[in-house]
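Trainee: I am new to this structure and would like to go through it slowly, one question at a time. Could we begin once it is in view?

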Amino acid sequence: MIHGSYYYYILLINIFIYFIGGLKSGSMKTEFIKRLSGEHTDHIPVWLMRQAGRYLPEYREVRKNAGDFLTLCYTPKLASEVTLQPLQRFDLDAAIIFSDILVIPHALGQKVWFEEGEGPRLDPIQSIDDLPEFNQDKFLNHLDPVFEALRLTRAALPDDKSLIGFAGAPWTLACYMINGRGSRDYQNVRHYTFQNPDAFQNIIDRLVDVISIYLIEKIKNGANALQIFDSWCGVLSVEEFDRWSVQPTAEIVRRVRKAYPDIPMIGFPRMAGYGYEDYVEKTGINAVSCDPTLPLSTLRAMQDHVCVQGNLDNLLLLKGGDAMVSQAKKICEALNDKPFIFNLGHGVIKETPPEHVELLIKTIKDFTRG
Ligand code: 1CP
């Protein structure tokens, strides 16, 4: 009898420790994680692409003191601070770690800098051999500040908030690496792929390797879900889209799942139009982030296979008021009976008044509060 109660007591302590451990590592299933896994929840989870950034005065303050944008990305305390800023203001369900997709080419040894008021610049490459020989330890060492920022942020976040890690998709990263800057249509890069398909394939293969390693490391350091941004895949034809966007992304999903079978992964094939449904079917992602050009009927059709996230026009958020509120409600009405997370169709624009974000989040939260 004494023995029995002793073991019962030990068992209870173990259950308690296991439970607390789970909470600390953020492994508790939040409504956001549940919906990504296809479960229904009472409330609509919401987060916004580029929710941390220049539209917030408190971000501009930290950014000014940090000086250079990359310094901000590589200073864990500051990166964590700006990651948490939007959650201190708004009732958001997830934080996305503050960084940039271009830390990957930077960690591969490419020169990357940000021109004030213009955007990213890179010393363009023509072949993977233009980069130093790949060394995994060096690569991970370079990115250690990002991993530390994740650890700090996960430790500071309440248990009911999730932490999202992200990477650019191979095609989008290759666009910047070859073109050296943003472009409307990436004609140079598409021309390059026709002239040098093998050399381009080598670049994509290297990116698949390093993005997979990077995302796995992000999970190890506290990310509860991942998003892969293919911001420029909308310029591709159907065959190119399959070869340069869908197949490389599918391979990354396979590799990350091999290490972490349960990690929810969101894909964002921005402006892929006709390609969205194929992307969903072939990549194996859990959720798809939708740009504002897609009709809600397409989002609804995709909900039979994955969770959908989106797709309010960021220009409506910039405008605010009734136009924004009525479109946000329309999206919730159309999609909330199946797996759905509210988000924008692209990132918050820097001129957006923070009060508009406040009203938008309130609208979404009120929708299910009744
Ligand atoms: O001066 C500044 O403060 C720099 C502006 C800025 C910010 C705030 C850049 C430069 N990057 C970021 C942060 C950033 N970038 C985040 C933060 C997390 C959050 O969402 O809150 C994320 C997810 C990114 C991802 C990113 N960077 C993408 C993919 C998403 C998308 O917007 O399509 C892309 C394409 C980039 C490249 C990049 N970095 C910065 C800018 C201005 C750009 C886009 C330039 C272009 O249009 O070519």
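**Loops, helices and a ligand**

Trainee: Between which helices is the loop that holds Tyr 186?

Mentor: This is a predicted model, in which local features need pLDDT of at least 70 and side-chain atom pairs count only at pLDDT 80 or more, while totals for chains, interfaces and linings use all residues. Residues are numbered from 1 along each chain as its sequence is written, and side-chain values use heavy atoms, leaving out hydrogens and water. Helices (DSSP runs of H or I, at least four residues) and strands (runs of E, at least two) are numbered from the N terminus. With that in hand, the loop of Tyr 186 is between helix H9 (170-179) and helix H10 (187-195).

Trainee: Is Tyr 186 buried or exposed?

Mentor: Tyr 186 has a positive phi of about 50°, although it is not a glycine. Buried means under 20% relative accessible area, exposed over 50%, and partly exposed in between, using a 1.4 Å probe and protein chains only. Because its relative accessibility is 0%, Tyr 186 counts as buried.

Trainee: What is the relative accessible area of Met 271?

Mentor: Met 271 also is not a glycine, yet has a positive phi of about 65°. Its place is in the loop between strand S6 (265-268) and helix H13 (276-283). Met 271 is described as partly exposed because its relative accessible area is 42%.

Trainee: How far apart in space are Gly 180 and Glu 133?

Mentor: Gly 180 lies in the loop between H9 and H10, and it is buried, with a relative accessible area of 4%. In sequence, 47 residues separate Gly 180 from Glu 133, and from C-alpha to C-alpha their distance in space is 20 Å.

Trainee: And how far apart in space are Arg 257 and Gly 284?

Mentor: Arg 257 belongs to helix H12 (residues 238-259) and is partly exposed, with a relative accessible area of 21%. Arg 257 and Gly 284 are 27 residues apart in sequence, and their C-alpha to C-alpha distance is 9.8 Å.

Trainee: Which residue's backbone oxygen does the side chain of Asn 221 reach?

Mentor: Asn 221 is placed in the loop between helix H11 (197-220) and strand S5 (225-229), and it counts as buried at 12% relative accessibility. A polar contact is a pair of N or O atoms within 3.5 Å; within protein, one must be able to donate a hydrogen and the other to accept it, and residues adjacent in sequence count only if both atoms are side-chain atoms. At 2.8 Å, the side chain of Asn 221 reaches the backbone oxygen of Glu 217.

Trainee: Which residue offers a polar side-chain atom 2.5 Å from an oxygen atom of the ligand?

Mentor: Near the ligand, with a heavy atom within 4 Å of it, are 22 residues, of which Arg 50, Tyr 59, Asp 100, Tyr 176 and Ser 231 come nearest. A polar backbone atom of Ala 52 is 3.0 Å from a ligand oxygen atom, and a polar side-chain atom of Asp 100 is 2.7 Å from a ligand nitrogen atom. The side-chain atom at 2.5 Å from a ligand oxygen belongs to Ser 231.

Trainee: What omega does the peptide bond from Gly 310 to Asn 311 have?

Mentor: Asn 311 is found in strand S8 (residues 307-312). The peptide bond that leads into Asn 311 from Gly 310 is cis, and its omega is near -20°.
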